[in-house]
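Hi everyone, thanks for making time for this. Please pull up the sequence and the structure on your screens, and I'll talk you through a few spots I picked out.

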Amino acid sequence: MELRVLKYFLMVAREENITKAAALLHITQPTLSRQLMQLEEELGVKLFRRSKHSNILTEDGMLLKRRAQELVSLSNKTIQELSHKDTMLSGEIAIGCGETKSMSFISDRIRDFRQLHHLVQFSIHSAIADDIKERIERGILDMGLLTEPVDIGKYEFIRMPQKEQWGILTRRDSELVGKEYVTPEDLADVPLLMVKRELVKNELSSWFGDYYERLQIAATYNLIINAAAMVKSGIGAALCFNLGAIYDDELCFIPLEPALKTGSVLVWKKNQTMGEAVTHFILSVKNAI
């Protein structure tokens with residue numbers, strides 16, 4: 001399975017029309033059709049549902065599309081890491097980031113780093129911790145900004161200087177607004193939006209104690225932007241970090257009492273060979289702390 005053919009496949013998947021794809025790739029339509037048929041024979045599956053005017057991905061085709069995008073991205077990243085323009089540092093640094101205030105700290109480090117090394121590009125992937133760790137394992141991401149609890153046994157890491165504060169995000173017409181903080185008892189009968197990660201749910205379960213069994217879980221969520229939209233709609237209050245400026249005037253953040261705070265870490269795989277740009281960036285973060 002050649003990388004060139006995967007790029008052909010991705011172009012047809014994007015355009016859903018083999019004539020348009022062939023024109024964009026500057027090859028003939030019969031050549032492109034033959035390459036795709038050979039790819040299907042090699043894999044033993046049908047990748048497209050073909051009609052006179054369109055080529056729509058099958059389920060197997062959609063799976064290959066995801067994998068092909070990762071392979072092409074990894075290939076491009078490798079080429080950038082091995083390319084050097086004169087003696088200046090260059091390449092791409094791919095970082096996975098959860099929703100955390102520590103991203104402001106990392107953003108400042110990226111700004112400072114690019115002022116010194118303007119040929120270095122950064123690729124930011126926003127996702128939950130499990131997705132970020134998987135992408136680090138597959139070599140798609142160089143490092144990840146993860147909130148604790150997280151198993152860091154297989155990673156090198158830098159602990160971020162700022163802690164994340166837990167609380168609830170609720171509408172301003174909620175009966176809870178006006179409270180300086182909320183307790184487990186305050187939330188026992190409130191519809192809640194709960195995070196999906198099991199390790200985090202276990203931590204919150206310990207905080208709620210005996211009240212955990214009384215909770216009304218209206219929904220679970222991965223990303224707070226979506227949860228905030230549900231809060232606005234009146235579905236419930238979201239258990240989340242205080243991310244400050246991303247919350248608009250219709251919403252109110254109230255911290256938990258007893259206070260619950262979470263650390264975050266910048267991690268990368270142990271004993272892996274890293275590009276020069278990545279090595280220098282890690283050193284710059286360490287120096288900043």
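Okay, let's start with a pair of strands. Look for β7, residues 164-171, and then find β11; these two pair in the antiparallel sense, over 5 bridges. If you want a spot to anchor your eye, take I168, which stands opposite I254 in β11. How covered is β11 itself? The strand runs over residues 251-255, and 4 of its 5 residues are buried, so we call it mostly covered. While you have a strand on screen, one bit of background: in a regular strand the side chains alternate between the two faces of the sheet.

I should say that this is a predicted model, so please keep that in mind as we go on.

Now zoom out for a second. The protein has 10 helices and 13 strands. Its C-alpha trace spans about 70 × 50 × 35 Å along the principal axes. There are 289 residues, and 43% of them count as buried. And here's one about contacts: taking those with a separation of 6 or more, residues 24 or more positions apart account for 72% of them.

Back to strands, with another pair. Strand β3, residues 91-97, and strand β4, residues 120-126, pair over 7 bridges, and this time the sense is parallel. Here you can use G91 as the marker, since V120 in β4 stands opposite G91. What links up with these two strands to make a β-α-β unit? That's helix α5, residues 102-116: β3, α5 and β4 together make a right-handed unit.

Next up, helices. Before we look, a general point: two packed helices are described by the angle between their axes and the distance between the axes. So let's do that for α2 and α3. Their axes come within 9 Å and cross at roughly 105°. Angles of 65 to 115 degrees count as roughly perpendicular, and that makes α2 roughly perpendicular to α3. Which residues make the contact? On the α2 side you have I18, T19, A21, A22 and L25, and on the α3 side Q29, L32, S33 and L36. Sort this contact of α2 with α3 by class and you get 6 nonpolar residues, 3 polar ones and no charged ones.

Stay in that region, and let's look at the backbone. H26 lies in the loop between α2 and α3, which covers 29-43. H26 isn't a glycine, yet its phi is positive, about 60°. Is H26 buried or exposed? It's exposed, because its relative accessible area is 72% and the cut-off for exposed is over 50%.

There's another residue like this a bit earlier in the chain. E16 is found in the loop between α1, residues 3-15, and α2, residues 18-25. E16 also has a positive phi of about 60° without being a glycine. Its relative accessible area is 37%, so E16 is partly exposed.

Last stop: cis peptide bonds. One joins E148 and P149, with omega about 5°. Where is P149? In the loop between β5, residues 143-147, and β6, residues 155-159. Another cis bond joins E257 and P258, and omega is about 5° there. P258 takes us back to the strand we began with, since P258 sits in the loop between β11 and β12, residues 261-262.

That's my tour, so over to you for questions.

Conventions
Residues numbered from 1 in each chain as written. Predicted model: local features only at pLDDT ≥ 70, side-chain atom pairs only at ≥ 80, totals over all residues. Heavy atoms only, no water. Buried < 20%, exposed > 50% of the residue type's maximum accessible area, 1.4 Å probe, protein only. Helix = DSSP H or I, 4+ residues; strand = E, 2+ residues; numbered from the N terminus. Pairing = 2+ DSSP bridges. Axes fitted to C-alpha atoms, helices over the stretch in contact; angles between N-to-C directions. Parallel < 35°, antiparallel > 145°, perpendicular 65-115°, else oblique. Contact = heavy atoms within 4.5 Å. Nonpolar A, V, L, I, M, F, W, Y, C, P; charged D, E, K, R; others polar. Right-handed = clockwise from strand over helix to strand, strands pointing away.
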